[in-house]
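Biologist: Got a minute to walk through this one with me? Pull it up and let's start with a loop.

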Amino acid sequence: EPTITYLKAIYSVDNYTDTCYFSIKIGHVVEDWETGDFTNMEWVNNSESPWTIVTQQPYEGSYCVKSGAISDNQSTELSITLEVNASDTISFYHKVSSEEGYDKLSFYIDSHKQDEWSGRTSWKHAAYPVQAGTHTFKWVYAKDEYTSQGRDCACLDNISFPCGVVTSDDL
């Protein structure tokens, strides 16, 4: 579990003073969906067919997240935007059951595709470097216009975010 450290910054210029509060999660920040819902972090899951929390064959624990049920030429995405205060790594476990080479799970940091997977895979680990700054991490499962194979889905589990994730809070 990460610890939360609070930082109070006071800015003064001439006769103007302002105070800002920040909370910094220090340590290992992991999303494993063991809450059974999406409330642990501020996920964006607004696809027409949103991702769901499932109990079927998670990588670890009782839960993982599964891509929304989509048809040909559709996609479903799950994303989160976070402030990272130091360069580090994001890692996660993924598995896919899809038409090889066509229906794919893709992972993006900001708008840059990092990797993609298709076919029938068991749980695999992936890790990518992340520079300090604000970043959007996005997973997209997309189908082409023809043919279905496998279970037509992707699953994620144990997303380990870069250490030092920062969120602004009103204290």
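Biologist: Which loop does E100 lie in?

Modeller: Keep in mind this is a predicted model. Strand 7 covers 88-97 and strand 8 covers 104-109. E100 lies in the loop between strand 7 and strand 8.

Biologist: Is E100 buried or exposed?

Modeller: The cut-off for exposed is over 50% relative accessible area. E100 comes in at 53% relative accessibility, so E100 counts as exposed.

Biologist: What separates the C-alpha atoms of E100 and S118?

Modeller: Along the chain, E100 and S118 are 18 residues apart. In space, their C-alpha atoms are separated by 5.1 Å.

Biologist: On to the rings. How is the aromatic pair of Y59 and Y93 arranged, stacked or edge-to-face?

Modeller: The structure holds 12 aromatic pairs, and Y59 with Y93 is one of them. Their centres are 3.7 Å apart, with 10° between the planes. Planes under 30 degrees apart count as stacked, so the Y59 and Y93 pair is stacked.

Biologist: How many residues apart in sequence are the parts that this pair ties together?

Modeller: Y59 lies in the loop between strand 4 (52-54) and strand 5 (64-66), whereas Y93 is in strand 7. The pair therefore ties together parts whose separation in sequence is 34 residues.

Biologist: What is the relative accessible area of Y59?

Modeller: Buried would need under 20%, and exposed over 50%. Y59 falls in between and counts as partly exposed, at 33%.

Biologist: Which residues form one aromatic cluster?

Modeller: There are Trp, Phe and Tyr residues in it. The members are W33, W43, F92, F107, W117, Y128, F137, W139 and F161.

Biologist: Which ring does the charged end of K138 sit over?

Modeller: The charge is 4.9 Å from the centre of that ring. The cut-off is within 6 Å, and the ring belongs to Y108.

Biologist: Now the whole chain: how many helices and strands does the protein have?

Modeller: From the N terminus on, the elements run β after β. The count is 0 helices and 13 strands.

Biologist: What share of the contacts with a separation of 6 or more comes from residues 24 or more positions apart?

Modeller: The protein has 171 residues, and 40% of them count as buried. For those contacts, the share from residues 24 or more positions apart is 70%.

Biologist: Where is the pLDDT below 50?

Modeller: The protein averages a pLDDT of 86, and 84% of the residues score at least 70. The stretch below 50 has 7 contacts beyond near neighbours in sequence. Where pLDDT is low, the predicted coordinates should not be read in detail. That stretch is residues 167-171.

Definitions and conventions:
Residues numbered from 1 in each chain as written. Predicted model: local features only at pLDDT ≥ 70, side-chain atom pairs only at ≥ 80, totals over all residues. Heavy atoms only, no water. Helix = DSSP H or I, 4+ residues; strand = E, 2+ residues; numbered from the N terminus. Buried < 20%, exposed > 50% of the residue type's maximum accessible area, 1.4 Å probe, protein only. Contact = heavy atoms within 4.5 Å. pLDDT = per-residue confidence, 0-100. Phe/Tyr/Trp six-rings, centres within 6.5 Å; stacked < 30°, edge-to-face > 60°. Lys NZ or Arg CZ within 6 Å of the ring centre and 35° of its normal.
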